[in-house]
Amino acid sequence: MIKRLSLILLLAGLGSVFLGLMLTYSADESLNQTASYYAEHTAKDLGAANIVTAIIVTYRGLDTLGEVTVLFLTAAIVGLVLAQAKRREPGRALPPAGELLLTGTRLLLPLILLFGAYVFIHGHLTPGGGFQGGAILASAMLLLLLSNPLQRFSHRLITVIESASGALFVFIGVLGIVYAGGFLDNRILPIGTFGELFSAGAIPIIYTLVGLKVGAEFSSMLVSLSETEEL
Amino acid sequence: MLVTIAMGCGFLLILIGLFGALNNRNILRMIVAFAVANTGVNLVLVSVGYMRGRTAPILNDAVPVAEAAARIIDPVPQALVLTAIVIGLGVTALMLAYAYKLYQTKGSLDIAKHSELKW
């Protein structure tokens, strides 16, 4: 009882702090200095239509490399923690998945993969990008696992895709030091016509690599979690 | 108005998430509660970047390059939240993996059974 009461008191205190923050908050009328720099210079300097993508891939590209590294670490730790789990062979056969799920999987799987690839290749033009596209790719894996929970994926293939795209990401970043202004500079390739698919220098390539890497990492987490399933 | 609704929902989700995390004894429920609180934080951050009468920070026919600074909302919180969502997913996956290991050691997901770190 006293526990519940202190919990409610804590939440009420926190809630009043939030309420104070919300009531005194007033939205800015114009962009601050950083944001207006991004708004004015993105199209001219980088050729990317999506300013969020330009910030993530180029202006703050190093942070994205760190973020991808954090994801890699997470996938590695999940794999490590769950690898020691006992993998029992299924004691009984699973009932077959329903016809709807099986046909739906066959029909949707290529479309989902295609949509994921579309989202990360068009990251510099439309809302979306490598992280979103990678998550969509991994959702295709999730659908496969739903239709057949005993499905096993090749860990080697996932590792190869993941490490190859990670290494290429860093390599393109180093190319930026040599041929353009700095690490992860996208102007190692011509900027092209604004708004075209082949524009914005190296941004589509980097975001494709990020998409593949994130997709592989999410898939490896899903696979590690699904392999712990005891039947 | 819109920004108040979004921000209020965000703060509410944070409070609901904290309540769930502190009130439940089942580890899986605590993980779900943390995910809810995480969503709330993201919602608050995005709503801070909102500005009345402006549009998404994507330049196209509707937002000419020359008027970009006067027509788009702040892109920085959006980039920040994109990062936060991805890291939040990683944290959730880690919590689930550890929950599985905890379940293996004690055969229970009740937090009261795991008393090694209690003082």
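Trainee: Which residues make the nonpolar surface patch of about 680 Å²?

Mentor: Good place to start, and keep in mind that this is a predicted model. The patch belongs to chain A, and one of its members, V170(A), sits in helix α7 of that chain. The full set is L62(A), V170(A), V174(A), I177(A), V178(A), Y179(A) and F183(A).

Trainee: Which helix of chain A gives the most to the nonpolar patch?

Mentor: V170(A) is a handy clue, with its place in helix α7 of chain A. Five residues of the patch come from the run 155-179. The top contributor is helix α7.

Trainee: How much area do chain B and chain A bury between them?

Mentor: The size of an interface is often given as the accessible area lost when the parts come together. Here, 44 residues of chain B are in contact with 52 residues of chain A. Carbon and sulfur atoms carry 79% of the buried area, whose total is about 3900 Å².

Trainee: Which helix supplies the largest share of the side of chain B that touches chain A?

Mentor: Let's look at the helices of chain B that each supply at least two residues to that side: α1 (2-23), α2 (27-48), α3 (68-71) and α4 (75-106). With 18 residues, the largest share comes from α4(B).

Trainee: How many residue pairs are in polar contact across the interface of chain B and chain A?

Mentor: By class, the side of chain B that touches chain A has 32 nonpolar, eight polar and four charged residues. Salt bridges between chain B and chain A number zero. For polar contacts, with both residues at pLDDT 80 or more, the number of pairs is four.

Key
Residues are numbered from 1 along each chain as its sequence is written. Chains are lettered from A and ligands numbered from 1 in the order in which they are written. This is a predicted model: local features need pLDDT of at least 70, side-chain atom pairs count only at pLDDT 80 or more; totals for chains, interfaces and linings use all residues. Side-chain values use heavy atoms; hydrogens and water are left out. Contact means heavy atoms within 4.5 Å. Buried area is the accessible area (1.4 Å probe) that two parts lose on being put together, summed over both. A salt bridge is a side-chain nitrogen of Lys or Arg within 4 Å of a carboxyl oxygen of Asp or Glu. A polar contact is a pair of N or O atoms within 3.5 Å; within protein, one must be able to donate a hydrogen and the other to accept it, and residues adjacent in sequence count only if both atoms are side-chain atoms. Helices (H or I, at least four residues) and strands (E, at least two) are DSSP runs, numbered from the N terminus. Ala, Val, Leu, Ile, Met, Phe, Trp, Tyr, Cys and Pro count as nonpolar, Asp, Glu, Lys and Arg as charged, and the others, Gly among them, as polar. Patches are made of residues with over 30% relative accessible area and no salt bridge: like charges are joined within 9 Å, nonpolar side chains (Val, Leu, Ile, Met, Phe, Trp, Tyr) within 5 Å. Accessible areas come from the Shrake-Rupley method with a 1.4 Å probe; for residues, only the protein chains shown count as cover.
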